[in-house]
Amino acid sequence: MDRTDRVYVAGHRGLVGSALVRRLQADKFANLITRTSRELDLRDRNAVDAFFAATRPQFVFLAAARVGGIRANSDHGGDFIRDNLLIQTHVIDAAHRFGVRKLLFFGSSCIYPRLAEQPIREEALLSAPLESTNAPYAVAKIAGIQICQAYRRQYGFNAICAMPANLYGPNDNFDLHQSHVLPALIRKFHSAVQNGDSRVVVWGTGRPLREFLHVDDLAAAAMLLMQRHDDEQIVNVGAGEEISIADLAALITLVSGFSGRIEYDASQPDGVPRKVLDIRRIRSLGWAPRISLEAGVRSAYAWYAARADLLERERVAT
Ligand code: GDP
């Protein structure tokens, strides 16, 4: 992939896509192709074909997806499986038919079995039952992996797959009904400090263990995979460290300066008890995470705090 190649970033306004655009721009890629979902609905096959015919991308980062946290996934499973199946099928198939040289598909650590051995190796895929709270999303992502692998075998199409841990960073989704835990807690603690509230509610028991990767670290990994990985084997991308939700809440308490108390709402789901990825494969390709959780949370908190009023107004207006 050269700086003059036409590179399409699908989902460029999202958490992953916007990090890729920042990275590609910093690396002086001159021919980036992007479309908002309003300009191009990736669930519409004819529109996707017309777009590929007109723009002829040579490399594609497929970061467009319907994503959400534990409640959004369990309440709207139908939307998650349908939209993701449509988006990825259309984009991968068009990329193959319109002569794209290489495509990188982003999956998720939730593709792995609920009780997978930890840290989770890539080989654990499809070895045992999934976690029920996000199974429709996970099945769509697994289908995406299978499409990439089957197109490679049948058509020689160079599609590769990265499986990131729980991500966070700029342009995350801070809507409390949709978001993952880290942006949700940033928002809850920030608004408690602003409003002088004495308590913050954290879902579940606080005991589940999760791994959080700053999205700029993922973007660096994605660039490396695009340059060096031409194989059907999927590749985990994680921070290699885990933290309990209670300890995450303690970290955000520290960063926000909140001085009230934390309450746990055990009526909300915990999800999988533990989810940490084995990252030996991507490390062997020459990548390592660089942004510590504390530094990353501090910068994500500052990013949110600088925009909180604006994001709040947008939410009320829509
Ligand atoms: P998961 O990694 O797929 O389970 O997705 P989430 O990031 O949504 O949730 C991770 C864990 O954080 C779960 O155990 C949640 O119950 C817990 N959690 C605690 N407070 C919150 C919150 O305010 N929002 C979300 N989404 N999760 C929370």
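**Briefing: fold and nonpolar cores**

The protein chain has a radius of gyration of 19 Å, which agrees with the value near 20 Å for a compact globule of 318 residues; the radius is taken over C-alpha atoms, and the globule rule is 2.2 Å times the number of residues to the power 0.38. This is a predicted model, in which local features need pLDDT of at least 70, side-chain atom pairs count only at pLDDT 80 or more, and totals for chains, interfaces and linings use all residues. Residues are numbered from 1 along each chain as its sequence is written, and side-chain values use heavy atoms, without hydrogens and water.

**Overall fold**
- Ten helices and twelve strands make up the secondary structure of the protein chain (DSSP runs, numbered from the N terminus: helices are H or I with at least four residues, strands E with at least two).
- Along the principal axes, the C-alpha atoms fill a box of roughly 60 × 40 × 40 Å.
- Of the contacts (heavy atoms within 4.5 Å) between residues at least 6 apart in sequence, 81% join residues at least 24 apart.

**Burial and cores**
- Buried residues (under 20% relative accessible area, 1.4 Å probe, protein chains only) account for 53% of the 318 residues.
- The largest nonpolar core (buried Ala, Val, Leu, Ile, Met, Phe, Trp, Tyr and Cys residues joined through side-chain atoms within 4.5 Å) has 72 residues, of which Phe52, Phe61, Leu103 and Phe106 touch the most other members.
- Helix α7 (residues 215-228) gives the most to this core, with nine residues.
- A second, separate core has 24 residues, including Tyr168, Ala249, Leu251 and Ala308.

**Contacts of Phe52**
- Beyond its neighbours within four places in sequence, Phe52 contacts Tyr8, Pro57, Val60, Val91, Ala94, Ala95, Phe98 and Val100.

Conventions. Buried means under 20% relative accessible area, exposed over 50%, partly exposed in between (1.4 Å probe, protein chains only).
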